[in-house]
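Here are my notes on this one, written as numbered points. Have the structure open while you go through them.

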Amino acid sequence: MTTNTDHHPSAAPEGLRKDPVVREITINDVVEAFASGLRDFRRAPVYGIAFGSFFAFGGVLIVLTAAAFGMSYLSYPLAAGFVLIGPFAAVGLYEVSRRLEHGEPLSWRAIFGTMWAQKSRELSWMAFVVLFVQIMWMYQVRLLLALFLGFRSFASFNEFVSEIISTSEGLMFLAVGHVVGAILSLILFSLTVISFPLLMEEDRDFITAMITSVKAVVTSPIPMIGWAFVVTITLIASIAPAFIGLVITLPVLGHTTWHLYRKCIVPETPATN
């Protein structure tokens with residue numbers, strides 16, 4: 001068997017290639033995937049901490065930028081929206097897990113090389129999907145602010161929080177905003193939870209990858225939505241202390257997602273002549 005550094009199988013003719021086969025998983029499979037993800041982090045902590053630190057720094061930078069422009073009241077919505085790009089940020093972690101799985105050597109050059117190669121593949125289109133959902137997130141935040149609190153800004157984040165928790169309008173904004181945010185997050189989770197690792201490993205189009213991802217959620221709704229809930233709670237807890245928690249939680253979640261993908265998708269068998 002021959003190998004190549006890009007680890008992408010040759011694509012069969014589009015009309016002959018079958019769609020990825022999705023299998024049903026259980027909660028035990030999610031627990032096993034988490035254990036495997038934690039093991040990957042322990043085996044290669046330097047890579048996980050590096051990616052987690054970079055992501056955490058990006059979150060801090062976004063919040064500080066909002067404050068610098070006098071929009072500190074948007075810090076929480078921006079922070080929440082920022083974690084939506086987690087699947088895209090975890091691409092390097094998927095490659096680390098894939099290499100550990102196949103016993104391939106780890107190096108920054110190999111991992112960044114694989115990430116750089118995605119710019120000319122279908123994975124790059126997923127960036128637009130994630131960006132669109134993030135724009136929708138910020139748009140609904142601004143819309144709900146206007147509807148419930150009027151067209152006004154706040155002098156500080158503390159003033160914004162005080163308005164939110166001490167008025168009926170603020171509490172309604174908080175409730176409706178979280179419901180809408182949960183819906184957007186579930187949509188994005190369904191579209192990306194399997195599609196990112198699938199596109200990393202197989203030469204598929206991003207539409208097929210998203211459809212496959214949604215099928216995986218529909219096929220195993222309780223385990224997958226349960227995992228989405230765990231991811232959401234973990235990320236919220238991680239961003240609370242100035243994003244510091246992401247240094248550890250992001251790599252563990254990323255590695256776990258790779259192993260969850262492995263459990264959800266039946267491996268593609270090479271075509272024989």
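1. Is Trp108 buried, partly exposed or exposed? Trp108 counts as partly exposed, with a relative accessibility of 32%. Keep in mind throughout that we are looking at a predicted model.

2. Some overall figures before the details. The protein chain has 13 helices and 2 strands. Of its 273 residues, 46% are buried. The accessible surface of the chain is about 14,300 Å², and carbon and sulfur atoms contribute 70% of that. If you take the contacts with a separation of 6 or more, 79% of them are between residues 24 or more positions apart.

3. Back to Trp108 and its surroundings. The count of aromatic pairs comes to 5. Phe51 and Trp108 make one such pair, with 5.9 Å from centre to centre and 55° between the planes, and it is classed as tilted. This pair joins distant parts of the chain: Phe51 belongs to helix α2 (residues 45-68) and Trp108 to helix α6 (residues 108-117), with the two positions 57 residues apart in the sense that they are 57 residues apart. Phe51 is buried at 11% relative accessible area, while Trp108 is partly exposed.

4. Phe51 has another aromatic partner in Phe112. Their ring centres are 6.3 Å apart with the planes at 65°, and because an angle over 60 degrees counts as edge-to-face, that is the class of this pair. Here too distant parts of the chain are linked, from Phe51 in α2 to Phe112 in α6, 61 residues apart. Phe112 is partly exposed, at 44% relative accessible area. Taken as a group, Tyr47, Phe51, Trp108 and Phe112 form one aromatic cluster.

5. Next, have a look at helix α9 (residues 168-192) against helix α11 (residues 206-219). The two axes come within 6 Å and cross at roughly 110°. Angles of 65 to 115 degrees count as roughly perpendicular, so that is how α9 and α11 are related. On the α9 side the contact is made by Phe189, Ser190, Leu191 and Thr192, and on the α11 side by Met210, Ser213, Val214 and Val217. Sorted by class, the contact has 5 nonpolar and 3 polar residues, and no charged ones.

6. α11 also packs against helix α12 (residues 221-239). The angle is about 110° and the axes are 5 Å apart, which makes α11 roughly perpendicular to α12. Ala216, Val217, Val218 and Thr219 of α11 make the contact with Pro221, Met224 and Ile225 of α12. The classes here are 6 nonpolar, 1 polar and no charged residues. Note that Val217 appears in the contact of α11 with α9 and again in the contact of α11 with α12.

7. While you are on α11, check Thr208, which sits in this helix. Thr208 counts as buried, with 16% relative accessibility. Setting aside neighbours within four places in sequence, Thr208 is in contact with Asp19 and Pro20.

8. What does α12 do with helix α1 (residues 27-43)? They pack at an angle of about 40° with their axes 8 Å apart, and α1 and α12 are therefore oblique to each other. Ile27, Val30 and Phe34 of α1 meet Ile222, Pro223 and Trp227 of α12. By class, this contact has 6 nonpolar residues, no polar ones and no charged ones.

9. Arg42 is another residue of α1 to look at. Arg42 is exposed, at 64% relative accessible area. In sequence Arg42 is 210 residues from Val252, yet their C-alpha atoms are 9.2 Å apart in space.

10. Finally, Ser97. Where is Ser97 placed, and which residues does it touch beyond its neighbours within four places in sequence? Ser97 lies in helix α5 (residues 91-102) and counts as buried, at 1% relative accessibility. Leaving those sequence neighbours aside, Ser97 is in contact with Asp40, His255, Trp258 and His259.

Terms used. Residues are numbered from 1 along each chain as its sequence is written. This is a predicted model: local features need pLDDT of at least 70, side-chain atom pairs count only at pLDDT 80 or more; totals for chains, interfaces and linings use all residues. Side-chain values use heavy atoms; hydrogens and water are left out. Axes are lines fitted to C-alpha atoms, for helices over the stretch in contact, and angles run from 0 to 180 degrees between N-to-C directions. Angles under 35 degrees count as roughly parallel, over 145 as roughly antiparallel, 65 to 115 as roughly perpendicular and the rest as oblique. Contact means heavy atoms within 4.5 Å. Ala, Val, Leu, Ile, Met, Phe, Trp, Tyr, Cys and Pro count as nonpolar, Asp, Glu, Lys and Arg as charged, and the others, Gly among them, as polar. Buried means under 20% relative accessible area, exposed over 50%, partly exposed in between (1.4 Å probe, protein chains only). Accessible areas come from the Shrake-Rupley method with a 1.4 Å probe; for residues, only the protein chains shown count as cover. Rings of Phe, Tyr and Trp (its six-membered ring) pair if their centres lie within 6.5 Å; planes under 30 degrees apart count as stacked, over 60 as edge-to-face and the rest as tilted.
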